[in-house]
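I opened my notebook for a walk through this fold, one lookup at a time. Here is what I wrote down along the way.

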Amino acid sequence: MSDDLRLIGIAIAAFAIAAFIYAAYIADPPLVHVPDFGKWLEEKAEEQEVKNQKLDPVLRQQLAVNPKKPVRMFVSGVNATELERQGFKVVKAGKYASWAVVEGDYEELQKLLENPRVQKVIYDQRVKAIGFADTLSRIPIRPVVQDLGWNLDAIKATTVQEANFTGKNAVVAVLDTGVNHNLPDLDDGYLGGYDFAYDDTEPDDVYGHGTECTSIILGEGEDKYTGVAPQAKYYAVKVLNDNGEGNWSDVIAGLEWVLDNVNAGVRIDVVSMSLGADLAPIELKTVCDLLYEKGVILVAASGNSGDSTSIYPAAYDTVISVAATDIYGSVASFSNGGALVAAPGVQVPVLSNDGNLYSGDGTSFAAPHVAGVLLLVEAEKDITPGQAETLIKLSTDEISDPDNKVECGQINALKAINNALNLNLTEERSWYDYLREPWVQVAIGLVVLAGGLRLWEMRSGGE
């Protein structure tokens with residue numbers, strides 16, 4: 001190409017650029033509309049932020065490991081019919097709120113996040129029984145330290161039972177790992193239930209946790225174990241699998257099952273939940289609120305991680321959160337805060353699914369005590385969830401709570417009955433009351449210390 005042609009080409013290009021700049025940026029109004037690249041980037045960033053807010057980090061992590069592997073995704077804000085029209089495989093759907101569970105991989109997750117009606121997508125397997133490892137929850141009972149019914153003595157349930165308050169015909173729904181309702185101490189009060197973990201009508205208990213919690217509530221005392229309200233009735237609602245784990249969708253489905261029955265006129269006074277997690281879908285709160293409005297009292301374990309706040313569902317205002325105390329009336333270090341009330345939850349005797357007695361730790365075992373006390377009251381007088389909260393605030397004993405994890409104190413069944421029914425039942429001081437005296441605790445500590453020193457001397461002398 002000659003120099004003249006090159007100059008002509010350069011001149012034409014410069015003229016074209018100048019004309020474009022004039023048409024797009026100088027002319028008023030502009031003759032050419034140029035896309036705002038900066039605004040486009042801003043919009044894309046906003047879209048991504050919306051997606052990030054919808055997406056559960058745990059679900060993101062699950063799909064990052066294997067993007068092609070289908071996982072269960074809990075989708076909030078959209079109903080099953082719409083998702084099925086979009087080609088999603090719906091596993092489960094809500095009755096009282098717009099939610100559904102779908103199975104899909106990373107690509108399908110992106111489709112969900114792009115749907116403007118979808119509010120949140122979380123991994124549908126986050127909830128667990130609030131207990132420790134089996135090695136800790138299977139410590140044999142130590143009669144030298146405490147007798148079988150110390151937990152009942154601690155909350156004055158024994159005195160209440162002796163006064164013929166036994167929770168007769170009051171009804172609780174226990175959401176857990178199921179119940180071995182064939183045990184002699186759990187057979188009479190069984191009213192049925194459902195297994196949402198495996199979708200059948202037999203809520204049997206392989207893991208043991210549900211049986212243990214139910215025994216605390218209403219063990220009948222016919223064979224080995226007496227609970228707080230031994231003549232109460234119960235439904236076993238299995239929402240956790242045989243490993244003590246489950247999906248939030250099953251927990252919500254279990255609560256919806258309770259709500260269905262209540263709406264049909266079936267009596268259910270209390271729901272006991274020794275389960276939970278740090279994050280929950282908003283639909284869980286929706287169903288809890290509906291049950292509260294229907295007059296069903298909800299009780300749940302505060303959690304065992306030692307945090308200052310309760311896990312869900314205990315963290316909701318419509319749920320009574322329960323922390324754990326030990327035999328001396330001190331709040332357990334593992335117990336979460338944000339609790340309304342406390343109850344025995346350290347070395348608590350329990351009846352497990354194999355028919356044997358064990359000693360368990362955890363707020364899992366504290367919550368059933370409160371559920372049992374409320375059944376004692378409900379058997380005599382129908383109270384609303386709001387009245388139950390007020391009653392609890394008036395019916396507790398002082399505890400040692402240096403970290404302020406509990407609002408009120410330790411539940412006292414005798415005070416609850418007296419306050420609810422305007423009675424004046426009294427009792428003589430028990431060994432448990434003396435055990436809580438500071439001078440007794442100091443004496444016990446000195447005895448333990450002396451025993452430890454003596455053992456050390458014996459071992460040192462044998463070496």
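Before anything else, a rule I kept at my elbow: two strands count as paired if DSSP finds at least two bridges between them. I also noted that I am working with a predicted model.

**Entry 1: the hairpin**

I started with strand 15 (residues 348-351) and looked for its partner. Strand 15 and strand 16 (residues 357-360) pair in the antiparallel sense over four bridges. I then asked which residue of strand 16 is the bridge partner of Pro349. I found Ser359 there.

Next I checked the side chains of strand 15. Val348 and Val350 point one way, while Pro349 and Leu351 point the other way. I looked up whether these four are buried or exposed, and all are buried.

The turn was worth a stop too. Five residues lie between the two strands of this hairpin, and Gly355 takes a positive phi near 85°.

**Entry 2: the whole chain**

I stepped back for some totals. I counted 16 helices and 18 strands in the chain. Of its 463 residues, 51% are buried. Among contacts with a separation of 6 or more, 75% join residues 24 or more positions apart.

**Entry 3: a three-stranded sheet**

A reminder to myself: strands of a sheet pair through backbone hydrogen bonds, either parallel or antiparallel. With that in mind I looked up an open sheet of three strands, and its order is 9-5-11 with antiparallel pairing. Why is one side of strand 9 and of strand 11 left without a neighbour in the sheet? Strand 9 (245-246) and strand 11 (275-276) stand at the edges, and each has a single partner strand, so one side of each has no neighbour there.

I followed one of the pairings further. Strand 5 (residues 127-129) meets strand 11 in the antiparallel sense over two bridges. Opposite Lys128, I found Gly276 of strand 11.

**Entry 4: helix 9 against helix 12**

For packed helices I noted the angle between their axes and the distance between the axes. The axes of helix 9 (residues 209-218) and helix 12 (residues 363-378) come within 7 Å and cross at roughly 40°. That angle is not under 35 degrees, the cut-off for roughly parallel, and helix 9 and helix 12 are therefore oblique to each other. Their crossing is right-handed.

I listed who meets whom. From helix 9 come His209, Glu212, Cys213, Ile216 and Ile217, and from helix 12 come Ser364, Phe365, Pro368, His369, Ala371, Gly372 and Leu375. I sorted the residues of this contact into seven nonpolar, four polar and one charged.

**Entry 5: helix 12 against helix 14**

Helix 12 came up again, with helix 14 (residues 413-421) as its partner. Here the axes come within 10 Å and cross at roughly 30°. Helix 12 and helix 14 are therefore roughly parallel to each other, and this crossing is right-handed.

Val373, Leu376 and Val377 of helix 12 make the contact with Ala413, Ala416, Ile417 and Ala420 of helix 14. My tally for this contact is seven nonpolar, no polar and no charged residues.

**Entry 6: one acidic side chain**

Last, I looked up Glu82 in helix 4 (residues 80-85). Is Glu82 buried or exposed? Its relative accessible area is 12%, so Glu82 is buried, the cut-off being under 20%. Leaving out residues up to four places away in sequence, Glu82 touches Asn115 and Arg117.

Definitions and conventions. Residues numbered from 1 in each chain as written. Predicted model: local features only at pLDDT ≥ 70, side-chain atom pairs only at ≥ 80, totals over all residues. Heavy atoms only, no water. Buried < 20%, exposed > 50% of the residue type's maximum accessible area, 1.4 Å probe, protein only. Contact = heavy atoms within 4.5 Å. Axes fitted to C-alpha atoms, helices over the stretch in contact; angles between N-to-C directions. Parallel < 35°, antiparallel > 145°, perpendicular 65-115°, else oblique. Left-handed = near helix turned anticlockwise from the far one by under 90°. Nonpolar A, V, L, I, M, F, W, Y, C, P; charged D, E, K, R; others polar.
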